[in-house]
Amino acid sequence: MISLTTPFDLTAGWLYEHAVLPLLYQLGLMQWDDTGYGWTLFAVYGVAQVVATYAVCLPLERWRPVERWPDRSAVTVDVLYTLISRVGLLPLVTFVLFYQLQVWLNGWLTDHGWVPPTLETLVPFLFGRPVATFFIYVVILDFVDYWRHRLSHVFGWWYALHAVHHAQRQMTFWSDDRNHLLDDVIQFVLFLAVGLGVGIPPMQFPLLVLLLRLLESLSHANARVSFGWLGERLLISPRFHRAHHGVLAAGQRSRNYGAILPWWDMLFGTADFARDYARTGDPTAAEVLATGGYAAQQWAGLKRMLRTLARAKAGPAAR
Ligand SMILES: [Zn+2]
Ligand SMILES: [Zn+2]
């Protein structure tokens, strides 16, 4: 069990004792005692991350907005997406599920005479260098995410889901989590597989994902913020990611697929550092994907995916 030392631990401890534990007890789920505490802790981290993102991004958006909207009601659904993702889903998947899977996998491997994988066994240089190891985890996950994102623009059925992310015309720092649930599931499966494959410790994995998502929120901010010639080539800025969301870039012709490091776009020829603060949105997306409620967007994304699959099955002539 984690020691109660930081404000996060104290808050999580209080919430766990007064809300989560009684609920688990009532539902007869006391076997989830330990992981229940972990989920509470990372949910508290999730709330803290949303507050930190708000504190950094809101002044940026007020200071140098790219666009001003008299009616900001389309942003509200993105706030809901963020809370569902950061406080509910991410802690559940990146801690509870990852931890359970790792315990199961390592047990199974040990039973069969295998040593559970770690990055340090592959790269012995990293032994005793936790900061470097953490950074390599970031690079690996970001590389995987570049290809996931790029391929989601290649396959029609996949883009039908990803269009939920691109349909937003009022893009703000809240827009990062605006994704179709099935699209989230694909990302979770990839991240969990990679995390298990390189043996990321269970307490580090959720922190890694929190860090990646914090930087991704910033890159969606409605702010004229560039990191300068060199900075833009080291870390993805709001300016760089906005080019990906530009109306001309939606669908297969897009650029700038990276999540936090622009290196993969530079390496694979998809970087565009020239485009400045384009308007965002996807003109091919139904209006409900832009301005509908959460359930309506999820449903519309699913229907669009099924329609695309049906058309593909009917043959190229029917497309
Ligand atoms: Zn995209
Ligand atoms: Zn985006």
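**Two zinc sites and two odd phi values**

Visitor: Which residues are the protein donors of the zinc ion (ligand 1)?
Guide: This is a predicted model, in which local features need pLDDT of at least 70 and side-chain atom pairs count only at pLDDT 80 or more, while totals for chains, interfaces and linings use all residues. Donors here are N, O and S atoms within 2.8 Å of the metal (3.2 Å for Na, K and Ca), and with water not among the atoms, sites may look incomplete. For the zinc ion (ligand 1), NE2 atoms lying 2.1 to 2.2 Å away fit that bill, and they belong to His 149, His 153, His 162, His 166 and His 244.

Visitor: How many residues apart in sequence are the parts tied together by His 149 and His 162?
Guide: Helices (H or I, at least four residues) and strands (E, at least two) are DSSP runs, numbered from the N terminus. His 149 sits in helix α5 (residues 130–152) and His 162 in helix α6, so the pair links parts separated in sequence by 13 residues.

Visitor: Is His 162 buried or exposed?
Guide: Buried means under 20% relative accessible area, exposed over 50%, and partly exposed in between (1.4 Å probe, protein chains only). His 162 comes out at 4% relative accessibility, so the verdict is buried.

Visitor: What is the site of the zinc ion (ligand 2) like, going by the angles among its four donor atoms?
Guide: The NE2 atoms of His 165, His 220, His 241 and His 245 coordinate the zinc ion (ligand 2) at 2.1 Å. Four donors count as tetrahedral if all angles lie between 85 and 135 degrees; four count as square planar and six as octahedral if opposite donors are over 155 degrees apart and all others between 65 and 115; anything else is irregular. Here the angles run from 89 to 169°, and the site is irregular.

Visitor: How far apart are the zinc ion (ligand 1) and the zinc ion (ligand 2)?
Guide: Chains are lettered from A and ligands numbered from 1 in the order in which they are written, and residues are numbered from 1 along each chain as its sequence is written. The separation of the zinc ion (ligand 1) and the zinc ion (ligand 2) is 5.8 Å.

Visitor: What is the phi of Asn 256?
Guide: Most residues other than glycine have a negative phi. Asn 256 is found in the loop between α10 (238–245) and α11 (263–267), and it is buried at 0% relative accessibility. Though not a glycine, Asn 256 has a positive phi of about 55°.

Definitions and conventions: Side-chain values use heavy atoms; hydrogens and water are left out.
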